[in-house]
Amino acid sequence: MDERTLTDLLRRFGLSEKEVATYLTILEHGEAKASTVAEDAGVSKRYVYSVSESLAKRGFVEVNDHVVPTTIRANPPEEVVEQLRGDVESIRPGLTERYSRAERRTEQFEVVKSRVTVLKRIRSLVADAEHELVLSIPATHLSEIREALADAVDRGVLVLLIVSDDDAESVPDVEGVASAARAWSAGMPTLLTVDSAVGVVAPPEMIRRANSDRQAIVFAQEQLAPVIVGSFLGNYWPAADEVATIDPEPLPAEYANFRKAVFQATLHLRADAELRATVGGRFTDDDEPVELDGEVVDVKQGMVEPANNEFPVQHSLVVETEDGTVTVGGPGAFVEDVEADLVRLESA
């Protein structure tokens with residue numbers, strides 16, 4: 001193998017061209033002083049010391065700094081190859097998982113004709129939730145997805161749940177399966193969105209009747225999901241009765257999902273806690289980056305009764321800073337002063 005090909009292959013493992021030249025020089029000597037390597041590789045002695053430490057961490061060489069002068073010894077190639085093979089295999093699961101998600105996202109719409117399949121898709125999507133999900137489901141079928149919902153709550157996912165059924169005699173047990181749960185004594189579509197990216201829409205008859213000729217849609221489209229969330233929070237959530245809300249979680253905590261930050265802030269404030277928030281984001285009027293810190297003096301929200309937001313999807317923090325009161329919203333904020341990317345809440 002010529003040196004150019006060998007250099008190109010080694011660079012695929014994250015080595016720069018100078019690092020490759022230094023390593024190949026060490027390899028040719030087997031073991032050598034830093035000054036010798038520097039002279040033959042055409043680099044500085046200081047660079048050799050620096051790159052040798054990096055190569056040692058990756059298993060390419062061993063630095064003998066217990067002797068004077070320090071020498072660098074190349075590890076046997078078979079050991080290096082085995083180390084690289086192990087590194088490659090260790091990243092396989094992560095790559096496979098993300099590739100599978102991408103494959104699912106490319107299938108933007110799936111028409112489902114079976115109630116069993118719809119419930120299976122719901123369980124699968126709930127199991128993949130990382131930040132937030134909203135779901136409406138007939139009370140009679142809650143038991144079929146209870147375990148998946150409980151696992152999501154345990155993972156820290158914000159779960160907003162409506163159980164609905166005009167045939168149900170009583171509200172089913174929703175303990176531990178939602179961050180906030182509501183009940184509606186009327187039939188409604190089965191709606192699910194997960195992480196504002198994927199979800200399910202099914203007509204009421206399809207879930208209630210096994211022999212229905214109606215069809216459901218499973219979608220993976222980030223433009224559609226916020227519309228479903230808006231319909232859920234605007235049309236159905238206010239009409240349902242609050243039946244359960246979890247206790248506030250321990251602080252301090254960081255939230256990439258803004259709605260969850262507002263939800264938790266609401267629970268803490270209503271428990272008479274004093275809160276401070278650190279917010280990273282940008283001003284909505286000029287898109288300039290900002291990081292602010294202050295006391296959370298109010299929230300605008302509609303997830304927990306009593307609601308006090310001015311429109312269904314408004315969820316805001318009101319933060320008192322040294323420079324005055326600032327309103328903070330989530331992605332796409334336009335009525336607030338700041339659009340947040342990350343929120344940290346802690347007890348004041």
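Here is a short friendly exchange about how some labels in this predicted model are earned.

Me: What should I know about the model before we start?
Reply: The model is predicted, so local features need pLDDT of at least 70 and side-chain atom pairs count only at pLDDT 80 or more, while totals for chains, interfaces and linings use all residues. Residues are numbered from 1 along each chain as its sequence is written, and side-chain values use heavy atoms, with hydrogens and water left out.

Me: Why is Asp 272 called exposed?
Reply: Exposed means over 50% relative accessible area, buried under 20%, and partly exposed in between, with a 1.4 Å probe and protein chains only. Asp 272 has 71%, so the label exposed applies.

Me: What makes Asp 287 exposed?
Reply: Its relative accessible area is 52%, which is over the cut-off, so Asp 287 counts as exposed.

Me: What is notable about phi at these two residues, Asp 272 and Asp 287?
Reply: Asp 272 has a positive phi of about 65 degrees without being a glycine, and Asp 287 also has a positive phi of about 65 degrees. Most residues other than glycine have a negative phi. Asp 272 sits in the loop between helix H10 (258–270) and strand E13 (275–283); helices (H or I, at least four residues) and strands (E, at least two) are DSSP runs, numbered from the N terminus.

Me: Which peptide bond before Pro 252 is cis, and what is its omega?
Reply: The bond joining Leu 251 and Pro 252 is cis, with omega about 5 degrees. Pro 252 lies in the loop between strand E11 (241–245) and strand E12 (253–255).

Me: What makes the residues around Leu 160 and Phe 232 a nonpolar core?
Reply: A nonpolar core is a set of buried Ala, Val, Leu, Ile, Met, Phe, Trp, Tyr and Cys residues joined through side-chain atoms within 4.5 Å. The largest one has 41 residues, and Leu 160 and Phe 232 are among those touching the most other members. A second, separate core has 37 residues, including Leu 133 and Val 194.

Me: How do you know that E1 and E3 pair?
Reply: Two strands pair if DSSP finds at least two bridges between them. E1 and strand E3 (residues 71–74) have three bridges in the antiparallel sense, so they pair. One of the bridge partnerships is Glu 31 with Arg 73 in E3.

Me: Why is strand E1 (31–33) called an edge strand?
Reply: E1 pairs on one side only, as does strand E2 (61–64). The open sheet of three strands has the order E1-E3-E2.
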